[in-house]
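Trainee: I'm new to this structure and could use a guided tour of a single part. Could you pick one helix and take me through it slowly, along with whatever surrounds it?

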Amino acid sequence: MLTRKQYELLKFIHERMTEAGIPPSFEEMKEALDLRSKSGIHRLITALEERGFIRRLPNRARALEVIKLPESYQPSPAGKKGFSPSVIEGSLGKKRPLEAVANDDDPGYATIPVMGRIAAGTPISAIQHQSHTITVSPDMLGGGEHFALEVKGDSMIDAGILDGDTVLIKQTNTANPGDIVVALVDDEEATLKRFRRRGDSIALEAANPAYETRIFGPDRVDVQGRLVGLIRRYN
């Protein structure tokens, strides 16, 4: 799974190598991704290397090799800079519609996409990649667009959300204090937490005393959606 920044960097490296024959410099990568320091580029490159997308070649300057590209890769239009990542963004992306649709096999149910895994604990990478779909009663959804995410972690156990559950999320960019939301932090990490406001800051509050409440400036957090339902399987 790739975060938006990881995807953007991989795409930038690949397209620069295709055009110029050599990888971009760290300074060029930093400017292309609008990062404040090169340390962020080092972290992204390490993450891409660990996931098998690139390889660092020893004893060479700018020694990077792209090994593979994600299935969602789309080349930038000629003469146009920028990226079209298929990952969670501030608007949850526009690549595919998320609205629940009627199930032709059973008109009494709606089919919604499962868009990946969400952390209920230490934030993990989350991508907008439809792994499969599930059918649910429309009574669980109400109006608007919806998607589902698989929960990883135990930070919301006191809210009745367990590791392995599937949460149903209504797509929205706003939240009221106390709502359980999908929050995107720094455009890279997504997590499931209770939304609070503390002055001008945003607090992402766990429902497990083992986890601390995390405080962020308002420009660092984007609400992706609000929890409206939960599905649990018993094996």
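Mentor: Here is a walk around helix H3, starting with the whole protein and then moving in.

Keep in mind that this is a predicted model. The protein has 235 residues, and 43% of them are buried. Its secondary structure comes to three helices and 13 strands. Among contacts with a separation of 6 or more, 61% join residues that are 24 or more positions apart. As for the outside, the accessible surface is about 12,500 Å², and carbon and sulfur atoms hold 46% of that.

Now for the helix itself. H3 takes in residues 38–50, which makes 13 residues. At 1.5 Å a residue it should span 18 Å, and its end C-alpha atoms sit 19 Å apart, so the two values agree.

Which residues of H3 are buried? They are Gly40, Ile41, Leu44, Ile45, Ala47 and Leu48. Look down the helix axis and you'll see these buried residues fall within an arc of 160°, so they line one face of H3. Turn to the face pointing away from that buried side, and you'll meet the exposed residues Arg43 and Glu50.

His42 is a residue of H3 too. With a relative accessible area of 40%, His42 counts as partly exposed, because that label covers values between 20% and 50%. You can also place His42 against Phe26: the two are 16 residues apart along the chain, and their C-alpha atoms are separated by 8.4 Å.

So what covers the buried residues of H3? The cover includes two helices, H1 and H2 (26–32), along with strand E1 (54–56) and strand E2 (64–66).

Let's take H1 from that list. H1 runs over residues 4–20, 17 residues in total. From its first C-alpha to its last, H1 reaches 24 Å, close to the 24 Å expected at 1.5 Å a residue. The buried residues of H1 include Tyr7, Leu9, Leu10, Phe12 and Ile13, and charged names turn up too, among them Arg4, Lys5, Glu8, Lys11 and Glu15.

Tyr7 is a handy one to zoom in on within H1. Its relative accessibility is 3%, and since buried means under 20%, Tyr7 counts as buried. Tyr7 and Ser72 are 65 residues apart along the chain, yet the distance between their C-alpha atoms is 9.5 Å. At the end of H1 comes Gly21, which has a positive phi, near 85°.

Back towards H3, follow the chain from H2 and stop in the loop between H2 and H3, where you'll find Asp34. Asp34 is worth a pause: its phi is positive, about 60°, although it is not a glycine. Most residues other than glycine have a negative phi. Asp34 is also exposed, since its relative accessible area of 67% is over the 50% cut-off.

On the other side, H3 is followed by Gly52, and here again phi is positive, near 80°. Just along from there you can spot the ring of Phe53, with the charged end of Lys68 sitting over it, 4.8 Å from the ring's centre. If you go looking for aromatic pairs in the protein, the count is zero.

To put it together, H3 has a buried face made by residues lining one side, an opposite face carrying Arg43 and Glu50, and a cover that includes H1, H2, E1 and E2. The loop between H2 and H3 holds Asp34, and Gly52 follows H3.

How values were computed:
Residues numbered from 1 in each chain as written. Predicted model: local features only at pLDDT ≥ 70, side-chain atom pairs only at ≥ 80, totals over all residues. Heavy atoms only, no water. Helix = DSSP H or I, 4+ residues; strand = E, 2+ residues; numbered from the N terminus. Buried < 20%, exposed > 50% of the residue type's maximum accessible area, 1.4 Å probe, protein only. Contact = heavy atoms within 4.5 Å. Areas by Shrake-Rupley, 256 points an atom, 1.4 Å probe, with all protein chains shown as cover. Phe/Tyr/Trp six-rings, centres within 6.5 Å; stacked < 30°, edge-to-face > 60°. Lys NZ or Arg CZ within 6 Å of the ring centre and 35° of its normal. Expected span 1.5 Å × (residues − 1). Arc of directions from axis to C-beta.
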